[in-house]
Amino acid sequence: MRLSLLLLLPGMLSFAAAAQPGPATGFALMRVEPSSRGMALGGSLSAVCCEHLDAFFHNPALLSASVDRMVSVSYLNHLSDLSAGFAAYSHDLGRYGTAAAGVRYLHYGSLQRTDDTGTSSGTFTASDMVLTLGAGRAYRSRFRYGINVHLAYSGIDDYSAVALLADLGAVFHDPVQQFTASASVNSAGLVLRSLGSTADEVPVDLRVSIAKRLRHLPLFVTLTAYNLNAIGSGPDAGGTASDIAAHTILGLDFQVVPAFAIRLGYNHRRHINLSSGRRPDLAGTGMGFGLRVKGFTLDYAYSSWSFAGLHQFTVGTQL
């Protein structure tokens, strides 16, 4: 029965990670969206430069002096008894760049343990945690580069897995044109210990993203191509327009007034994996808002899973 759980829960982890592409792995918490703004934009936060602390989880090159002494805390009320939380803090180091630290967790609540006949023998728990250290630095006036190092842990009952992962990122930002382009390799690394006898895989994600604020309209448009390392293999081998769309995310951030924004995002892969087949079906759609009041920010996001939805809140301030 324990072996069955080891095979089942990694799949649940991937489902909890909002149906992102990639292998079922005990480190799928790396795919869970760590901020409300990112969730509302469908996950397209990789080129939002450079005033939002949580964006460094997507690309460490987005760290800059503008997030000096900023703290951010998020809570995600997941399906059933699942809950997730995220926290981050950053500090500017002058000419050495900007450093940040973050922690992420996912808890499954209490799970029933049964034997092969279905007889109950108590309960057990399962949880994931990731500790992150990151740094970003400017190169000349328009370029930035950065690195994150993650220590990822996944535990199921008496079993556990550990991985040492890293992100490498680069960003081009033109403040005059209000245009940003970014590229990153996320979650590459080594599995130090696996849940079972079969080695866990690391959830490597190659991303390219662009963002542009429109000149005559207070609208910020983001487009992210993600998990590009998986194109041409598995279900994406066909190379059709739908396959390509399954690796892209569109995000819209409408600045109603300086202190209030409305956000909308669409992730086609999530729509494919979570759609119930009904028409219309909002699976894969994210939406939310951001509010800034007296130095504090409050962000809310709703992500549709067709049959249900996830709610996430993020609060932040500059100390």
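The lining of the largest pocket is made up of 13 nonpolar, 13 polar and eight charged residues. Here Ala, Val, Leu, Ile, Met, Phe, Trp, Tyr, Cys and Pro count as nonpolar, Asp, Glu, Lys and Arg as charged, and the others, Gly among them, as polar. A word on the basis: this is a predicted model, where local features need pLDDT of at least 70, side-chain atom pairs count only at pLDDT 80 or more, and totals for chains, interfaces and linings use all residues. Residues are numbered from 1 along each chain as its sequence is written, and side-chain values use heavy atoms, with hydrogens and water left out.

That pocket holds about 580 Å³ of space. A pocket is an open set of points on a 1 Å grid over the protein atoms alone where a 1.4 Å probe fits, with protein on both sides within 12 Å along at least five of seven lines; lining residues have an atom within 4 Å of a point. The volume is the space filled by probe spheres set on the points. Among the 34 lining residues, Arg37, Glu51, His52, Arg263 and Arg292 are the closest to the centre. Strand E14 (309-318) is among the elements that give two or more residues to the lining, and E14 has the largest share, four residues. Strands (E, at least two residues) are DSSP runs, numbered from the N terminus.

Now to two residues other than glycine with positive phi, Asp157 and Ser187. Buried means under 20% relative accessible area, exposed over 50%, partly exposed in between (1.4 Å probe, protein chains only).

| Residue | Phi | Place | Relative accessible area |
|---|---|---|---|
| Asp157 | near 55 degrees | loop between strand E5 (143-156) and strand E6 (159-174) | 22%, partly exposed |
| Ser187 | near 60 degrees | strand E7 | 5%, buried |
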